[in-house]
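These are my notebook entries on a structure examined element by element. I set down each item as I looked it up.

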Amino acid sequence: MSKRFYIETVGCQMNVLDSELIASGLIGVGYEPAESRRRADVVLFNTCSVRQHAEDKIYSALGRLKHAKEHDPTKIIGVVGCMAQKDGPLVFRRAPHVDLVVGPSHLGQLARLIDEVATGGGPLIAVSPDRGAATHAEARESFAQFNPTRHVETRASAHQAMVRAMFGCDNYCSYCVVPAVRGPEQSRPIDEIEKEVRLLARQALDRHVALEVTLLGQTVNSYRYRDGERTYRLADVLYRLNDIEGLARLKFVTNHPRHMTDDLIRAVADLEKVSPYFHVPAQSGSDRMLKRMRRGYTAGQYREMLERIWAAVPGAAVTSDFIVGFCGETEAEFDETVELVRQARFKNSFIFKYSPRPGTYAAEHYDDDVPEREKRRRNNKLLAVQNAISEEENQPLVGHTVEVLVEGPSKSSAKRHAAGDVTQLVGRTTCDRIVVFDGSVDLVGQVVPVEIESAGAFTLFGKSLFHREGAKSAKKPQNADRK
Ligand code: SAM
Ligand code: SF4
C-alpha cells in the first residue's frame, strides 16, 4: 500500500505554493495524500519565520504530536521551509521527536530524505549554509530551485494557480528574515514560466474552468532574467503570458515600491487579462522609520508611485503591508503612517506588530523599545482607519455589476435553498474584492456577472446575473471593478 503524507502549512503564498509542489513531488514517487495528520505516515510542517508568532504556533503543534509519535514510532515527522532553515538543529532540541529538518533550498531532496529516515537513517537535517558565511555564487548554488511537474489534484482548485516567477530576496530590509532563509534573488527563465502557465491553462481548459494565475516573488517586480543579449523584466513576462488560451486572469505579488516601473504599470493598463491590482507594501509613512527599515524610498516617493499607478490605471486597487511599533517609532511617526493610509485609500492593508527576528540588522542594532501594549494599540488604530476606508471604497460598487471568478461555496454555505441546487458562493473580482452571492455550484470556476446589493469592509454581497443575457449596469464605470 502507498505511504500517505499530510502537510500543514503556515505563512505566505510562497509556502502555500511550496506545499503544493512538495505534494506534487511526493505523488510523483508514489505517495498518496492523507486527509488528516492521524491517518498519515509522514506529517510535514511547512513553516514560516517572518514573525515570532508563526514559529510559536509550529512548536506548539509539534508538542501536540509527541504522543502520536510515542504511540506510533514509524510515523515520520518533518519540519520544512523557513523555520527549518533558520533554526536547523535547534528544532531537534526543542522537539526531539522530529525526524527531519529540511530548508526551502532542499525540498527537491525531500522524498529521498523521507526514505532514508524510514529505513532507519534518521534523524536528518538538510539546510543551506548560513548565507552570511557564503559567497553570493555559493549561496545561489546552495539555494537550488524546486519545480516538479504540477499535478492538478494537489491544488486547492483547478481554476486558481500560483506560479513562481522568482525565488529569494537581496533587499535585506533591516527587520526581515527572508533573505537569510530564502536565499539570493533568482528569476526563473521566462520560457519555463510560460511553459508552466500553458500546462496549467491546458488543465483548466480540460476541466472547463477559467484559470487565474498569480505570479509569485518576494519582490516579483524586480524580476530580471537575462537570455543572451536580452534581459526580460516582469512586464515582458506579462506580455508573453497574456494571450495564452485558457488563461482568464493574471496577477502578480508582492511588489517593492522601488521597482514599480512605468513599463510595468503600462503593461497592467494595456493587457486585458492582467488584473488592475497592485500589492505594494509601504511598511511606514515616516521617512525616519523607512530609513531605519532600509526600504530604499521615502514616503514622498511612495506617494509619487501611487500617482503614477492611478494616472495610468484609473480605478486600480492598491493594497499594502505596514509594520507598527518598529524600533524607536514615536507617536508622531506612527501618525505619519495613519496619514498615508488616509490619503492612499488602499483597498486593504495587512498590519503587523514589529517582531524582532534574530540575526537581522534591526534585532542586532536597535532596541525593540515600543511596548507590546502600545504596538497592539497602534495596530488596532491603523486597522480601524483602514477598515473604515475599505468600507467607504466598497460602497460605490453597490448597484453595479462586477465580474466574479467563483471560488466555491462560502463558509456559511449551509444556507441551502429549498430547491437544493442553490448555495451561497464566494468569489473574487479582478481587483481581488471578495463577493458572496447565491448560485449553483456549477458556477465554481466560472467568471460570472454579479450585481452588488450591499457592501461591508471585507465583503460585497450581490445577486448573480448569469441567467440574464447581456445584463449590464447602466451606470458609468469609475472603478476597475465596476462594469
Ligand atoms: N517582500 C515583501 C515586501 O517587501 O514587501 C514582503 C514579504 S514579508 C514575508 C510580508 C510582510 O511581513 C512584510 O511586508 C512586512 O510587513 C511583514 N514583516 C516582515 N518582517 C517582519 C517583522 N520582523 N515583524 C513584523 N512584520 C514583519
Ligand atoms: Fe523581506 Fe524586504 Fe525582501 Fe520583502 S523586500 S522579503 S520585506 S527583505
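Which residues, leaving aside neighbours within four places in sequence, is Ser275 in contact with? I looked this up in the model, which is a predicted one. I found Arg249, Leu250, Lys251, Val268 and Thr430 as its contacts beyond those neighbours. I placed Ser275 in the loop that lies between helix H11 (262-270) and strand E14 (277-279). I entered Ser275 as buried, because its relative accessibility is 0%, and buried means under 20%.

**Entry: the open sheet**

I next traced an open sheet of three strands, in the order E7-E10-E13 and with parallel pairing. I noted strand E7 (160-164) and strand E13 (247-253) as its edge strands, each pairing on one side only. Between neighbouring strands of this sheet I recorded an average turn of 25°, direction ignored. For E7 and strand E10 (residues 211-216) I recorded five bridges in the parallel sense. Among these strands' pairings, I listed Glu212 in E10 as the bridge partner of Gln160.

I then looked up helix H10 (residues 234-242), which packs on the sheet and touches E10 and E13. I recorded an angle of about 170° between the direction of H10 and that of E13.

**Entry: the H9-H10 crossing**

I followed H10 to helix H9 (residues 190-206): the two axes come within 10 Å and cross at roughly 35°. I entered the crossing of H9 and H10 as right-handed. On the H9 side I found Ile190, Asp191, Ile193, Glu194 and Val197, which meet Asp236, Val237, Arg240 and Leu241 of H10. I classed the residues of this contact as five nonpolar, no polar and four charged.

**Entry: the shell of ligand 2**

Which residues are found around ligand 2? I listed Cys169, Asn171, Tyr172, Cys173, Tyr175, Cys176, Val178, Pro179, Gln218, Thr219, His256 and Arg295. I divided this shell into seven nonpolar residues, four polar and one charged.

**Entry: the barrel**

I traced a closed barrel of five strands, E17-E18-E19-E21-E20, with mixed pairing. I recorded a twist that averages 50° from one strand to the next. Strand E17 (residues 401-409) and strand E18 (residues 423-428) run antiparallel, and I noted four bridges joining them. I entered Leu425 in E18 as the bridge partner of Pro409.

**Entry: backbone geometry**

Where did I find cis peptide bonds? I recorded one from Gly122 to Pro123, with omega near -10°; Pro123 is in the loop between helix H6 (110-121) and strand E6 (124-126). I recorded another joining Val253 and Thr254, with omega about -5°. I placed Thr254 in the loop between E13 and H11.

I also looked up positive phi values in residues other than glycine. For His208, phi is near 60°, and I placed this residue in the loop between H9 and E10. I entered His208 as exposed, because its relative accessibility is 64% and exposed means over 50%. For Arg345, phi is near 50°, and I placed Arg345 in the loop between helix H14 (331-344) and strand E16 (349-353). I entered Arg345 as partly exposed, at a relative accessible area of 30%.

Notes. Residues are numbered from 1 along each chain as its sequence is written. Chains are lettered from A and ligands numbered from 1 in the order in which they are written. This is a predicted model: local features need pLDDT of at least 70, side-chain atom pairs count only at pLDDT 80 or more; totals for chains, interfaces and linings use all residues. Side-chain values use heavy atoms; hydrogens and water are left out. Two strands pair if DSSP finds at least two bridges between them. Helices (H or I, at least four residues) and strands (E, at least two) are DSSP runs, numbered from the N terminus. Axes are lines fitted to C-alpha atoms, for helices over the stretch in contact, and angles run from 0 to 180 degrees between N-to-C directions. Contact means heavy atoms within 4.5 Å. A residue is near a molecule or strand if one of its heavy atoms lies within 4 Å of it. Ala, Val, Leu, Ile, Met, Phe, Trp, Tyr, Cys and Pro count as nonpolar, Asp, Glu, Lys and Arg as charged, and the others, Gly among them, as polar. A crossing is left-handed if the near helix is turned anticlockwise from the far one by less than a right angle, and right-handed if clockwise. Buried means under 20% relative accessible area, exposed over 50%, partly exposed in between (1.4 Å probe, protein chains only).
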